Amino acid sequence: MKLTVFGVGYVGLVQGAVLADAGHDVLCVDIDQKIIDDLKNGVVPIYEPGLTTLVETNYKEGRLSFTTDSIEGVNHGELQFIAVGTPADEDGSADLKYVLKVAETIGTHMMAPKIIVNKSTVPVGTADKVKERIAEVLAERCEKFKFDVASNPEFLKEGSAIADCTKPDRIIVGTDSDFVEEIMRELYAPFNRNNDRMIFMDVRSAEMTKYAANCMLATKISFMNEMSNITEYLGADIEAVRHGIGSDSRIGYSFIYPGCGYGGSCFPKDVQALIKTADDSGYDARILKSVELVNYAQKEKLFDKIYPHFDGNLKGKTITLWGLSFKPGTDDMREAPSRVLMEALWEAGATIQAYDPEAMNECQRIYGQRDDLTLMGTAEAALKNSDALVTITEWQKFRAPDFDFIKQSLSDPVIFDGRNMYDPKRLAARGIKYYSMGR
Ligand SMILES: NC(=O)c1ccc[n+]([C@@H]2O[C@H](COP(=O)([O-])OP(=O)(O)OC[C@H]3O[C@@H](n4cnc5c(N)ncnc54)[C@H](O)[C@@H]3O)[C@@H](O)[C@H]2O)c1
(Lines give C-alpha, C1' and ligand atoms only; values in the text may rest on other atoms or scores of the structure.)
Protein backbone atom coordinates (compact mmCIF):
# COMPACT_ATOMS: atom_id res chain seq x y z
CA MET A 1 0.00 0.00 0.00
CA LYS A 2 1.12 3.58 -0.58
CA LEU A 3 1.37 5.47 2.68
CA THR A 4 2.31 9.00 3.65
CA VAL A 5 3.40 9.83 7.18
CA PHE A 6 3.37 13.48 8.30
CA GLY A 7 5.82 14.06 11.16
CA VAL A 8 9.12 12.21 11.29
CA GLY A 9 9.60 12.05 15.06
CA TYR A 10 9.65 9.11 17.45
CA VAL A 11 6.26 7.87 16.24
CA GLY A 12 6.28 8.79 12.54
CA LEU A 13 9.79 7.58 11.80
CA VAL A 14 9.48 4.30 13.66
CA GLN A 15 6.04 3.43 12.27
CA GLY A 16 7.10 4.59 8.80
CA ALA A 17 10.18 2.37 8.85
CA VAL A 18 8.32 -0.63 10.31
CA LEU A 19 5.51 -0.38 7.73
CA ALA A 20 8.08 -0.01 4.93
CA ASP A 21 9.93 -3.04 6.22
CA ALA A 22 6.71 -5.05 5.91
CA GLY A 23 6.58 -4.09 2.21
CA HIS A 24 4.48 -0.92 2.14
CA ASP A 25 5.65 2.07 0.07
CA VAL A 26 6.12 4.83 2.66
CA LEU A 27 6.85 8.50 2.12
CA CYS A 28 7.70 10.45 5.28
CA VAL A 29 7.10 14.20 5.28
CA ASP A 30 8.47 16.69 7.78
CA ILE A 31 8.67 20.49 7.80
CA ASP A 32 12.14 20.30 9.34
CA GLN A 33 14.57 20.44 6.42
CA LYS A 34 17.52 19.32 8.54
CA ILE A 35 15.76 16.15 9.72
CA ILE A 36 14.92 15.22 6.13
CA ASP A 37 18.43 16.02 4.83
CA ASP A 38 19.97 13.99 7.65
CA LEU A 39 17.72 11.02 6.94
CA LYS A 40 18.58 11.11 3.26
CA ASN A 41 22.25 11.02 4.31
CA GLY A 42 21.69 8.03 6.58
CA VAL A 43 21.69 10.06 9.80
CA VAL A 44 18.79 9.14 12.09
CA PRO A 45 18.06 12.15 14.29
CA ILE A 46 16.78 10.21 17.32
CA TYR A 47 18.14 7.28 19.30
CA GLU A 48 15.95 4.21 19.21
CA PRO A 49 17.50 0.72 19.34
CA GLY A 50 17.59 -0.88 15.86
CA LEU A 51 16.13 2.14 14.09
CA THR A 52 19.19 3.23 12.11
CA THR A 53 19.55 -0.15 10.41
CA LEU A 54 15.83 -0.39 9.70
CA VAL A 55 15.74 3.10 8.16
CA GLU A 56 18.94 2.56 6.16
CA THR A 57 17.82 -0.79 4.71
CA ASN A 58 14.37 0.36 3.69
CA TYR A 59 15.63 3.67 2.30
CA LYS A 60 18.25 1.87 0.18
CA GLU A 61 15.71 -0.68 -1.02
CA GLY A 62 13.34 2.10 -2.06
CA ARG A 63 10.36 1.38 0.20
CA LEU A 64 11.01 4.33 2.51
CA SER A 65 11.61 7.89 1.30
CA PHE A 66 11.74 11.35 2.82
CA THR A 67 10.62 14.79 1.73
CA THR A 68 9.66 18.25 2.91
CA ASP A 69 7.40 18.60 -0.12
CA SER A 70 3.87 18.33 1.25
CA ILE A 71 2.29 18.28 -2.24
CA GLU A 72 4.31 15.19 -3.06
CA GLY A 73 3.31 13.81 0.33
CA VAL A 74 -0.41 14.32 -0.16
CA ASN A 75 -0.31 12.85 -3.65
CA HIS A 76 1.68 9.78 -2.63
CA GLY A 77 -0.40 7.89 -0.09
CA GLU A 78 -3.90 6.51 -0.26
CA LEU A 79 -3.48 6.55 3.52
CA GLN A 80 -2.27 9.79 5.10
CA PHE A 81 -0.93 9.34 8.61
CA ILE A 82 -0.76 12.29 10.98
CA ALA A 83 2.08 11.72 13.48
CA VAL A 84 3.01 15.28 14.41
CA GLY A 85 3.50 16.55 17.95
CA THR A 86 0.63 17.58 20.22
CA PRO A 87 2.51 19.45 22.96
CA ALA A 88 0.81 20.90 26.01
CA ASP A 89 -0.50 24.40 25.53
CA GLU A 90 -0.10 26.96 28.32
CA ASP A 91 -3.40 25.92 29.89
CA GLY A 92 -2.48 22.20 29.75
CA SER A 93 -4.71 21.38 26.78
CA ALA A 94 -3.20 19.56 23.80
CA ASP A 95 -2.06 22.07 21.21
CA LEU A 96 -3.62 20.91 17.95
CA LYS A 97 -2.03 23.47 15.65
CA TYR A 98 0.34 20.96 14.01
CA VAL A 99 -2.41 18.37 13.52
CA LEU A 100 -4.80 20.91 12.01
CA LYS A 101 -2.03 22.29 9.81
CA VAL A 102 -1.55 18.83 8.31
CA ALA A 103 -5.34 18.57 7.82
CA GLU A 104 -5.23 21.89 5.97
CA THR A 105 -2.30 20.68 3.84
CA ILE A 106 -4.17 17.50 2.90
CA GLY A 107 -7.32 19.46 2.04
CA THR A 108 -5.33 21.93 -0.03
CA HIS A 109 -3.50 19.40 -2.18
CA MET A 110 -5.60 16.24 -2.38
CA MET A 111 -6.54 15.25 -5.92
CA ALA A 112 -8.11 11.87 -5.13
CA PRO A 113 -9.98 10.16 -2.27
CA LYS A 114 -7.90 9.71 0.90
CA ILE A 115 -8.05 8.00 4.26
CA ILE A 116 -6.58 10.20 6.96
CA VAL A 117 -5.32 8.22 9.93
CA ASN A 118 -4.53 10.09 13.09
CA LYS A 119 -1.70 8.57 15.13
CA SER A 120 -0.96 11.64 17.25
CA THR A 121 -2.39 11.62 20.76
CA VAL A 122 -5.34 13.99 20.51
CA PRO A 123 -8.35 14.90 22.64
CA VAL A 124 -11.70 13.31 21.97
CA GLY A 125 -13.36 15.16 19.12
CA THR A 126 -10.18 15.96 17.20
CA ALA A 127 -11.08 13.67 14.27
CA ASP A 128 -14.19 15.82 13.81
CA LYS A 129 -12.02 18.95 13.76
CA VAL A 130 -9.68 17.38 11.20
CA LYS A 131 -12.69 16.44 9.09
CA GLU A 132 -14.12 19.96 9.33
CA ARG A 133 -10.81 21.56 8.40
CA ILE A 134 -10.35 19.36 5.32
CA ALA A 135 -13.98 19.91 4.26
CA GLU A 136 -13.57 23.69 4.62
CA VAL A 137 -10.48 23.74 2.42
CA LEU A 138 -12.06 21.45 -0.16
CA ALA A 139 -15.12 23.72 -0.23
CA GLU A 140 -12.87 26.74 -0.83
CA ARG A 141 -11.37 24.81 -3.76
CA CYS A 142 -14.88 23.81 -4.96
CA GLU A 143 -13.74 20.16 -4.84
CA LYS A 144 -15.63 17.19 -3.44
CA PHE A 145 -13.12 14.36 -3.03
CA LYS A 146 -14.28 11.65 -0.68
CA PHE A 147 -12.22 11.25 2.48
CA ASP A 148 -12.44 9.45 5.82
CA VAL A 149 -10.77 10.32 9.10
CA ALA A 150 -9.87 7.41 11.36
CA SER A 151 -8.19 7.33 14.76
CA ASN A 152 -5.31 4.90 15.24
CA PRO A 153 -3.56 5.96 18.44
CA GLU A 154 0.04 4.91 18.88
CA PHE A 155 1.12 2.80 21.86
CA LEU A 156 4.84 2.36 21.15
CA LYS A 157 7.29 2.96 23.97
CA GLU A 158 10.55 4.78 23.39
CA GLY A 159 13.38 2.30 23.91
CA SER A 160 11.38 -0.66 22.56
CA ALA A 161 9.49 1.13 19.82
CA ILE A 162 10.29 -1.23 16.95
CA ALA A 163 9.23 -4.35 18.84
CA ASP A 164 6.11 -2.53 20.04
CA CYS A 165 5.17 -1.83 16.41
CA THR A 166 6.05 -5.24 14.98
CA LYS A 167 4.51 -7.18 17.88
CA PRO A 168 1.86 -4.84 19.26
CA ASP A 169 -0.26 -5.79 22.27
CA ARG A 170 -3.18 -4.26 20.41
CA ILE A 171 -3.92 -2.07 17.41
CA ILE A 172 -6.77 0.28 18.15
CA VAL A 173 -8.71 1.71 15.22
CA GLY A 174 -11.56 4.15 15.57
CA THR A 175 -13.77 4.31 12.49
CA ASP A 176 -17.41 4.07 11.54
CA SER A 177 -16.62 2.84 8.02
CA ASP A 178 -16.46 -0.82 6.95
CA PHE A 179 -14.28 0.24 4.02
CA VAL A 180 -11.71 1.87 6.32
CA GLU A 181 -11.81 -1.16 8.64
CA GLU A 182 -10.96 -3.44 5.71
CA ILE A 183 -8.09 -1.18 4.57
CA MET A 184 -6.68 -0.97 8.10
CA ARG A 185 -6.87 -4.76 8.42
CA GLU A 186 -4.90 -5.10 5.20
CA LEU A 187 -2.36 -2.48 6.31
CA TYR A 188 -1.61 -4.16 9.61
CA ALA A 189 -1.98 -7.78 8.43
CA PRO A 190 1.82 -8.39 8.68
CA PHE A 191 1.67 -7.61 12.42
CA ASN A 192 -1.57 -9.42 13.13
CA ARG A 193 -0.87 -13.01 12.16
CA ASN A 194 -0.34 -14.76 15.47
CA ASN A 195 -3.64 -13.70 16.97
CA ASP A 196 -6.07 -10.89 16.17
CA ARG A 197 -4.76 -7.83 17.92
CA MET A 198 -6.97 -5.37 16.11
CA ILE A 199 -9.71 -3.72 18.10
CA PHE A 200 -12.21 -1.61 16.19
CA MET A 201 -14.42 0.94 17.87
CA ASP A 202 -15.95 4.35 17.28
CA VAL A 203 -13.55 7.24 16.71
CA ARG A 204 -14.17 9.02 20.02
CA SER A 205 -13.59 5.87 22.05
CA ALA A 206 -10.32 5.25 20.20
CA GLU A 207 -9.15 8.78 20.98
CA MET A 208 -10.12 8.31 24.63
CA THR A 209 -8.46 4.88 24.86
CA LYS A 210 -5.03 6.42 24.36
CA TYR A 211 -5.53 8.95 27.15
CA ALA A 212 -7.06 6.36 29.46
CA ALA A 213 -4.06 4.05 28.92
CA ASN A 214 -1.45 6.72 29.62
CA CYS A 215 -3.35 8.13 32.57
CA MET A 216 -3.71 4.63 34.06
CA LEU A 217 0.05 4.06 33.78
CA ALA A 218 0.86 7.50 35.20
CA THR A 219 -1.55 6.79 38.04
CA LYS A 220 0.21 3.51 38.85
CA ILE A 221 3.54 5.35 39.02
CA SER A 222 2.27 8.18 41.20
CA PHE A 223 0.39 5.72 43.42
CA MET A 224 3.57 3.74 43.99
CA ASN A 225 5.57 6.90 44.63
CA GLU A 226 3.00 7.90 47.21
CA MET A 227 3.33 4.48 48.87
CA SER A 228 7.09 4.98 48.80
CA ASN A 229 6.84 8.38 50.47
CA ILE A 230 4.54 7.06 53.20
CA THR A 231 6.89 4.11 53.70
CA GLU A 232 9.78 6.47 54.40
CA TYR A 233 7.91 7.85 57.39
CA LEU A 234 7.12 4.39 58.71
CA GLY A 235 10.49 2.69 58.51
CA ALA A 236 9.30 0.00 56.08
CA ASP A 237 10.98 -0.98 52.79
CA ILE A 238 9.04 -0.12 49.62
CA GLU A 239 10.94 -2.76 47.63
CA ALA A 240 9.62 -5.48 49.93
CA VAL A 241 6.18 -3.92 49.65
CA ARG A 242 6.49 -3.85 45.85
CA HIS A 243 7.22 -7.58 45.77
CA GLY A 244 4.41 -8.17 48.18
CA ILE A 245 1.76 -6.39 46.15
CA GLY A 246 3.11 -7.28 42.69
CA SER A 247 2.58 -10.96 43.43
CA ASP A 248 -1.15 -10.28 43.49
CA SER A 249 -2.26 -11.10 39.94
CA ARG A 250 -4.87 -8.34 40.11
CA ILE A 251 -2.03 -5.83 40.63
CA GLY A 252 0.96 -7.34 38.81
CA TYR A 253 4.60 -6.26 38.81
CA SER A 254 4.69 -3.81 35.94
CA PHE A 255 4.71 -0.06 36.45
CA ILE A 256 4.90 -0.24 40.25
CA TYR A 257 8.53 0.80 40.62
CA PRO A 258 9.03 3.68 43.01
CA GLY A 259 11.32 6.36 41.62
CA CYS A 260 11.97 10.03 41.07
CA GLY A 261 8.90 10.71 38.94
CA TYR A 262 7.72 10.11 35.40
CA GLY A 263 8.73 12.30 32.48
CA GLY A 264 8.85 12.03 28.71
CA SER A 265 6.79 13.50 25.96
CA CYS A 266 3.60 11.58 26.78
CA PHE A 267 2.54 11.00 30.39
CA PRO A 268 2.95 14.57 31.68
CA LYS A 269 1.19 16.22 28.76
CA ASP A 270 -1.47 13.54 28.37
CA VAL A 271 -2.45 13.65 32.04
CA GLN A 272 -2.64 17.45 31.81
CA ALA A 273 -4.63 17.32 28.60
CA LEU A 274 -7.23 14.92 29.99
CA ILE A 275 -7.59 17.06 33.13
CA LYS A 276 -8.24 20.03 30.84
CA THR A 277 -10.67 18.14 28.59
CA ALA A 278 -12.55 16.96 31.68
CA ASP A 279 -12.58 20.49 33.15
CA ASP A 280 -13.91 21.90 29.88
CA SER A 281 -16.67 19.32 29.92
CA GLY A 282 -17.63 20.25 33.50
CA TYR A 283 -15.96 17.33 35.29
CA ASP A 284 -13.33 17.79 37.97
CA ALA A 285 -10.74 15.01 37.40
CA ARG A 286 -9.57 14.74 41.00
CA ILE A 287 -7.57 11.54 40.66
CA LEU A 288 -5.64 12.87 37.66
CA LYS A 289 -4.94 16.18 39.36
CA SER A 290 -3.44 14.29 42.31
CA VAL A 291 -1.41 12.07 39.97
CA GLU A 292 0.13 15.18 38.49
CA LEU A 293 0.76 16.86 41.86
CA VAL A 294 2.41 13.74 43.28
CA ASN A 295 4.62 13.47 40.22
CA TYR A 296 5.60 17.11 40.37
CA ALA A 297 6.71 16.73 43.99
CA GLN A 298 8.41 13.40 43.25
CA LYS A 299 10.73 15.03 40.74
CA GLU A 300 11.98 17.24 43.59
CA LYS A 301 12.57 14.29 45.92
CA LEU A 302 16.21 13.71 45.05
CA PHE A 303 17.07 17.33 45.71
CA ASP A 304 15.13 17.12 48.99
CA LYS A 305 17.51 14.36 50.04
CA ILE A 306 20.71 15.93 48.67
CA TYR A 307 20.20 19.39 50.16
CA PRO A 308 20.03 18.40 53.86
CA HIS A 309 22.84 15.87 53.40
CA PHE A 310 25.12 18.81 52.58
CA ASP A 311 23.57 20.92 55.36
CA GLY A 312 22.02 23.21 52.79
CA ASN A 313 25.40 24.20 51.46
CA LEU A 314 25.85 23.06 47.87
CA LYS A 315 27.93 26.01 46.75
CA GLY A 316 31.16 24.72 45.27
CA LYS A 317 30.06 21.08 45.46
CA THR A 318 30.45 18.83 42.43
CA ILE A 319 27.62 16.38 41.89
CA THR A 320 27.81 13.45 39.47
CA LEU A 321 24.66 12.54 37.58
CA TRP A 322 24.27 9.14 35.97
CA GLY A 323 21.38 9.26 33.52
CA LEU A 324 19.77 12.23 31.82
CA SER A 325 17.09 10.74 29.57
CA PHE A 326 13.62 10.38 31.08
CA LYS A 327 13.98 6.59 30.94
CA PRO A 328 16.52 4.05 29.66
CA GLY A 329 16.69 3.22 25.96
CA THR A 330 16.07 6.72 24.66
CA ASP A 331 17.82 10.07 24.25
CA ASP A 332 14.57 11.90 25.00
CA MET A 333 14.87 14.44 27.83
CA ARG A 334 11.42 16.00 27.52
CA GLU A 335 10.07 16.54 31.07
CA ALA A 336 12.89 14.35 32.43
CA PRO A 337 13.37 14.29 36.23
CA SER A 338 17.08 14.94 35.57
CA ARG A 339 16.18 18.44 34.36
CA VAL A 340 14.33 19.33 37.56
CA LEU A 341 17.28 18.11 39.63
CA MET A 342 19.94 19.84 37.53
CA GLU A 343 18.12 23.14 37.65
CA ALA A 344 17.70 22.90 41.45
CA LEU A 345 21.38 22.00 41.91
CA TRP A 346 22.51 24.92 39.76
CA GLU A 347 20.20 27.25 41.65
CA ALA A 348 21.87 26.08 44.88
CA GLY A 349 25.36 26.75 43.45
CA ALA A 350 26.48 23.19 42.67
CA THR A 351 28.43 22.08 39.62
CA ILE A 352 27.31 19.01 37.68
CA GLN A 353 29.34 16.30 35.97
CA ALA A 354 26.97 14.14 33.99
CA TYR A 355 27.04 11.00 31.91
CA ASP A 356 24.28 9.34 29.90
CA PRO A 357 24.79 6.58 27.31
CA GLU A 358 22.59 8.33 24.71
CA ALA A 359 21.26 11.70 25.86
CA MET A 360 24.45 13.82 26.01
CA ASN A 361 23.84 15.56 22.68
CA GLU A 362 20.28 16.28 23.70
CA CYS A 363 21.48 17.68 27.03
CA GLN A 364 23.96 19.90 25.19
CA ARG A 365 21.22 21.05 22.84
CA ILE A 366 18.94 21.98 25.76
CA TYR A 367 21.43 23.60 28.11
CA GLY A 368 24.24 24.67 25.78
CA GLN A 369 27.64 25.53 27.18
CA ARG A 370 27.60 26.32 30.91
CA ASP A 371 30.43 26.52 33.40
CA ASP A 372 28.45 24.49 35.91
CA LEU A 373 27.79 21.53 33.58
CA THR A 374 30.39 19.12 32.21
CA LEU A 375 29.32 16.16 30.13
CA MET A 376 31.80 13.35 30.65
CA GLY A 377 32.69 10.57 28.19
CA THR A 378 32.17 7.68 30.62
CA ALA A 379 30.29 6.96 33.82
CA GLU A 380 33.64 6.55 35.63
CA ALA A 381 35.04 9.85 34.33
CA ALA A 382 31.96 11.64 35.65
CA LEU A 383 32.97 10.59 39.19
CA LYS A 384 36.31 12.37 39.13
CA ASN A 385 36.75 14.87 42.01
CA SER A 386 33.06 14.67 42.79
CA ASP A 387 31.23 14.96 46.11
CA ALA A 388 28.24 12.72 45.39
CA LEU A 389 26.78 10.33 42.83
CA VAL A 390 23.13 10.64 41.86
CA THR A 391 21.51 7.95 39.71
CA ILE A 392 18.43 9.13 37.86
CA THR A 393 17.89 6.87 34.86
CA GLU A 394 18.11 3.12 35.37
CA TRP A 395 20.26 2.29 32.35
CA GLN A 396 21.43 -1.32 32.50
CA LYS A 397 25.08 -0.25 32.64
CA PHE A 398 24.51 1.57 35.96
CA ARG A 399 23.10 -1.48 37.71
CA ALA A 400 26.30 -3.21 38.80
CA PRO A 401 28.99 -0.54 39.05
CA ASP A 402 32.40 -0.88 40.66
CA PHE A 403 31.50 0.38 44.14
CA ASP A 404 35.13 0.40 45.27
CA PHE A 405 35.95 2.76 42.41
CA ILE A 406 32.98 4.95 43.33
CA LYS A 407 34.14 5.02 46.94
CA GLN A 408 37.68 6.03 45.98
CA SER A 409 36.46 8.72 43.58
CA LEU A 410 34.02 10.58 45.83
CA SER A 411 35.32 12.94 48.51
CA ASP A 412 32.95 11.59 51.17
CA PRO A 413 31.24 8.64 49.49
CA VAL A 414 27.50 9.07 49.12
CA ILE A 415 25.01 7.82 46.52
CA PHE A 416 21.52 9.19 45.98
CA ASP A 417 19.64 6.58 44.00
CA GLY A 418 16.47 7.77 42.31
CA ARG A 419 15.65 4.29 40.97
CA ASN A 420 16.45 1.91 43.88
CA MET A 421 19.04 0.07 41.83
CA TYR A 422 21.33 -0.90 44.70
CA ASP A 423 21.14 -2.89 47.90
CA PRO A 424 21.30 -0.66 51.00
CA LYS A 425 22.98 -3.40 53.07
CA ARG A 426 25.76 -3.99 50.54
CA LEU A 427 26.49 -0.29 50.32
CA ALA A 428 26.50 0.10 54.09
CA ALA A 429 28.98 -2.80 54.30
CA ARG A 430 31.25 -0.97 51.85
CA GLY A 431 31.09 2.24 53.85
CA ILE A 432 29.12 4.22 51.29
CA LYS A 433 26.32 6.41 52.55
CA TYR A 434 23.21 5.54 50.54
CA TYR A 435 19.89 7.30 50.03
CA SER A 436 17.16 5.69 47.94
CA MET A 437 13.41 5.97 47.52
CA GLY A 438 11.08 4.57 50.14
CA ARG A 439 13.65 2.54 52.03
N1 LIG B 1 7.11 9.67 21.60
C2 LIG B 1 6.37 8.66 22.02
O3 LIG B 1 6.83 7.75 22.70
C4 LIG B 1 4.91 8.59 21.65
C5 LIG B 1 4.21 7.39 21.86
C6 LIG B 1 2.87 7.33 21.51
C7 LIG B 1 2.22 8.45 21.02
N8 LIG B 1 2.92 9.61 20.85
C9 LIG B 1 2.20 10.77 20.29
O10 LIG B 1 2.54 10.84 18.91
C11 LIG B 1 2.64 12.22 18.50
C12 LIG B 1 4.01 12.49 17.93
O13 LIG B 1 4.95 12.30 18.97
P14 LIG B 1 6.53 12.27 18.69
O15 LIG B 1 7.18 11.98 19.99
O16 LIG B 1 6.80 11.39 17.52
O17 LIG B 1 6.76 13.79 18.25
P18 LIG B 1 8.14 14.48 17.77
O19 LIG B 1 8.13 15.82 18.38
O20 LIG B 1 9.28 13.55 18.01
O21 LIG B 1 7.94 14.60 16.18
C22 LIG B 1 6.98 15.37 15.57
C23 LIG B 1 7.48 15.77 14.20
O24 LIG B 1 6.41 16.40 13.48
C25 LIG B 1 6.99 17.39 12.63
N26 LIG B 1 5.95 18.30 12.14
C27 LIG B 1 5.33 19.32 12.77
N28 LIG B 1 4.44 19.90 11.95
C29 LIG B 1 4.48 19.24 10.77
C30 LIG B 1 3.80 19.37 9.54
N31 LIG B 1 2.88 20.29 9.35
N32 LIG B 1 4.10 18.51 8.55
C33 LIG B 1 5.05 17.56 8.71
N34 LIG B 1 5.72 17.39 9.87
C35 LIG B 1 5.46 18.22 10.88
C36 LIG B 1 8.03 18.03 13.52
O37 LIG B 1 8.99 18.74 12.77
C38 LIG B 1 8.63 16.78 14.21
O39 LIG B 1 9.73 16.27 13.52
C40 LIG B 1 2.28 13.04 19.73
O41 LIG B 1 0.91 13.32 19.72
C42 LIG B 1 2.60 12.09 20.88
O43 LIG B 1 1.85 12.37 22.03
C44 LIG B 1 4.25 9.69 21.15
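## The ligand and its surroundings

How far is an oxygen atom of the ligand from a polar backbone atom of Tyr10? In this predicted model, the distance between the two is 3.0 Å. The backbone of Gly7 also takes part, with an N or O atom 3.4 Å from a nitrogen atom of the ligand. From Asp30 the approach is through the side chain, where an N or O atom lies 2.6 Å from an oxygen atom of the ligand. The ligand exposes 830 Å² when taken alone, and the protein buries 88% of that area.

The ligand is surrounded by 25 residues. Val11, Asp30, Thr86, Glu158 and Lys269 are the closest of them. Two helices, helix 1 (10–21) and helix 5 (97–109), each contribute at least two residues to this shell.

## Ala83, before helix 5

Ala83 sits in the loop that runs between strand 4 (79–82) and helix 5. Its relative accessible area is 11%, under the 20% limit, so Ala83 counts as buried. Beyond residues up to four places away in sequence, Ala83 touches Val5, Phe6, Gly7, Val11, Gly12, Lys119 and Ser120. Among these, Gly7 has the backbone contact with a ligand nitrogen given above, and Val11 is one of the closest residues to the ligand.

Ala83 can also be paired with Val8. The two are 75 residues apart in sequence, while their C-alpha atoms are 7.4 Å apart in space.

## Salt bridges

How many salt bridges does the structure hold? The count is 29. One of them joins the side chains of Lys305 and Glu232, with N and O 2.8 Å apart. Lys305 belongs to helix 13 (residues 301–309) and Glu232 to helix 9, so this pair ties together parts that are 73 residues apart in sequence. Lys305 is buried, at 13% relative accessible area, whereas Glu232 is partly exposed, at 30%.

Lys269, one of the closest residues to the ligand, forms a salt bridge with Asp270 in which the closest N and O atoms are 2.8 Å apart. Lys269 has a relative accessible area of 15% and is buried. Asp270 is buried as well, with 1% relative accessibility.

Arg334 and Asp332 make another salt bridge, their closest N and O atoms lying 3.1 Å apart. Here Asp332 is buried at 2% relative accessibility, while Arg334 is partly exposed at 38%. Elsewhere, salt bridges link Lys101, Glu104, Arg133 and Glu136 into a network.

## Thr320 in strand 9

Is Thr320 buried or exposed? Thr320 has a relative accessible area of 0%, which means that this residue is buried. Thr320 is part of strand 9, which covers residues 318–322. The side chain of Thr320 reaches the backbone oxygen of Ala382 at a distance of 2.6 Å.

Ala382 is also among the residues in contact with Thr320 once neighbours within four places in sequence are left aside. The others in that group are Gln353, Leu383, Ser386, Ala388, Leu389 and Val390.

## A nonpolar patch on the surface

Which residues form a nonpolar patch on the surface? They are Ile230, Tyr233 and Leu234, and together they have about 410 Å² of accessible area. Ile230 lies in helix 9, which spans residues 203–234. With 40% relative accessibility, Ile230 counts as partly exposed. Helix 9 also holds Glu232, the salt-bridge partner of Lys305.

## Two loop residues with positive phi

Cys142 is not a glycine, yet its phi is positive, at about 55°. Cys142 is placed in the loop between helix 6 (126–140) and strand 6 (147–151). At 70% relative accessible area, Cys142 is exposed.

Asp311 is another residue other than glycine with a positive phi, here near 50°. The loop that holds Asp311 runs between helix 13 and strand 9. Asp311 is exposed, with a relative accessible area of 72%. The two elements beside this loop have appeared above: helix 13 contains Lys305, and strand 9 contains Thr320.

Conventions
Residues are numbered from 1 along each chain as its sequence is written. This is a predicted model: local features need pLDDT of at least 70, side-chain atom pairs count only at pLDDT 80 or more; totals for chains, interfaces and linings use all residues. Side-chain values use heavy atoms; hydrogens and water are left out. Helices (H or I, at least four residues) and strands (E, at least two) are DSSP runs, numbered from the N terminus. Buried means under 20% relative accessible area, exposed over 50%, partly exposed in between (1.4 Å probe, protein chains only). A polar contact is a pair of N or O atoms within 3.5 Å; within protein, one must be able to donate a hydrogen and the other to accept it, and residues adjacent in sequence count only if both atoms are side-chain atoms. Contact means heavy atoms within 4.5 Å. Patches are made of residues with over 30% relative accessible area and no salt bridge: like charges are joined within 9 Å, nonpolar side chains (Val, Leu, Ile, Met, Phe, Trp, Tyr) within 5 Å. Accessible areas come from the Shrake-Rupley method with a 1.4 Å probe; for residues, only the protein chains shown count as cover. A salt bridge is a side-chain nitrogen of Lys or Arg within 4 Å of a carboxyl oxygen of Asp or Glu. A residue is near a molecule or strand if one of its heavy atoms lies within 4 Å of it.
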